[in-house]
Amino acid sequence: MPPQASTALAPTPVVRLEALSPPGVDVYAKLEWFLPTGSLKDRVAVAMMEKARAEGLISPGTRLLEPSSGNTGIAMARLAMLWGVPLTVVMPEGSSTERIETMKTFGTRIIFSPQPEGANGAVRVAEEMAASGDYLMLHQYANPANVEAHYAGTGREIVTQLDRVDVLVAGLGTGGTLMGAGAAVRESFPRAQVVAAEPPVGELITGLRSMEAGYIPPIFDADRIDRRVLVRLRTTIEHTRLLLTAEGLFAGPSCGAALAVALRVAREMRSGTVVTIFPDAGWKYLSTGIYTGPLDQAVDRASDQILW
Ligand code: PMP
């Protein structure tokens, strides 16, 4: 076999939010956009695909299929390209051009699911297609490798990078980050709290989902979370902009959601350390118009789009 590219991932940096940490409290952020395709989902794609390959499930004739809002699709597309395995991604109609073009660049076939059904529609269409038996669907919402990736990667990295963690805050999408990183953080800091940032039903924030919206990912266990804090689209956009202007971090909207919750928790504390995860950077959201112009207009524009 010819030499193959390594799929090993280097640790991502953790930075202290110097301008935004309230007095007495250290707020840290783990910058996941340092991964190869620019999001935390490189961890999940590598873990799921390497596991499937080790189990002999991926051979030259295998056709992969995955429902994804973008980040998992993009991360899987990179590995599928490297390994020469065809990948089909199901995503909601109206997903951003940047995501669609990136996947096409990596040679992925895209199938669109009906826009009004959002991410749940992509899962439904992919499940229907997988029922034919023609595809291998690794299914990040149900695959334990998603959680393991964040346990061994995100979470274990955090506990070696920080001397202390009192609260871990992460956005809730598939739940992989919260379940995996939460377990690793609790193992090293047993009194640490694990807090989810979650949008209210009907408000679409890229990558995040409300657990009240009709689909609970099989890998998600609400008992392993101490607190769920609702965060609205408006607050999310405000905090995404604040990250840019106050800290110089050009982050994607789910970072704004995580920041809003992390700061809220930090303000309730007298001292201690809060760490949060920033899943991806702002570049692929430029066309959504959330970074510039009056906030009201940005919220309206974002509300009209499928952002997850
Ligand atoms: N933010 C973004 C941009 C994402 O793509 C995702 C994944 N859906 C998340 C947050 C949530 O992460 P998780 O799936 O691990 O809950």
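**Exercise 1.** Which residue has a polar side-chain atom 2.6 Å from a nitrogen atom of the ligand?

*Solution.* The model under study is predicted. In this model, the residue sought is Ser 254, whose polar side-chain atom lies 2.6 Å from a nitrogen atom of the ligand. Taken alone, the ligand exposes 390 Å², and the protein buries 97% of that.

**Exercise 2.** Describe the surroundings of the ligand, beginning with its site and ending with its polar contacts.

*Solution.* Step one concerns the site: the ligand sits in the largest cavity. Step two concerns the residues around the ligand, which number 16. Among these, Gly 173, Thr 174, Gly 175, Thr 177 and Ser 254 come nearest. By class, the shell comprises four nonpolar, ten polar and two charged residues.

Step three turns to further polar contacts, for which the cut-off is 3.5 Å between N or O atoms. The side chain of Asn 71 places an N or O atom 2.9 Å from an oxygen atom of the ligand. At Gly 207, a polar backbone atom is 3.1 Å from a nitrogen atom of the ligand.

**Exercise 3.** Determine the strand order of the open sheet containing E5, and trace the pairing of E4 with E5.

*Solution.* The open sheet has four strands, in the order E5-E4-E3-E6, and their pairing is parallel. At the edges are strand E5 (109-113) and strand E6 (136-137), each of which pairs on one side only. Strand E4 spans residues 87-92 and pairs with E5 in the parallel sense over five bridges. At the residue level, Met 91 has Phe 112, in E5, as its bridge partner. In general, the strands of a sheet pair through backbone hydrogen bonds.

Terms used: Residues numbered from 1 in each chain as written. Predicted model: local features only at pLDDT ≥ 70, side-chain atom pairs only at ≥ 80, totals over all residues. Heavy atoms only, no water. Near = heavy atom within 4 Å. Polar contact = N/O pair within 3.5 Å; in protein donor to acceptor, adjacent residues only side chain to side chain. Areas by Shrake-Rupley, 256 points an atom, 1.4 Å probe, with all protein chains shown as cover. 1 Å grid on protein atoms, 1.4 Å probe; cavity = no way out; pocket = protein on both sides within 12 Å on 5 of 7 lines; lining within 4 Å. Sits in = over half its atoms within 2 Å of the grid points. Nonpolar A, V, L, I, M, F, W, Y, C, P; charged D, E, K, R; others polar. Pairing = 2+ DSSP bridges. Helix = DSSP H or I, 4+ residues; strand = E, 2+ residues; numbered from the N terminus.
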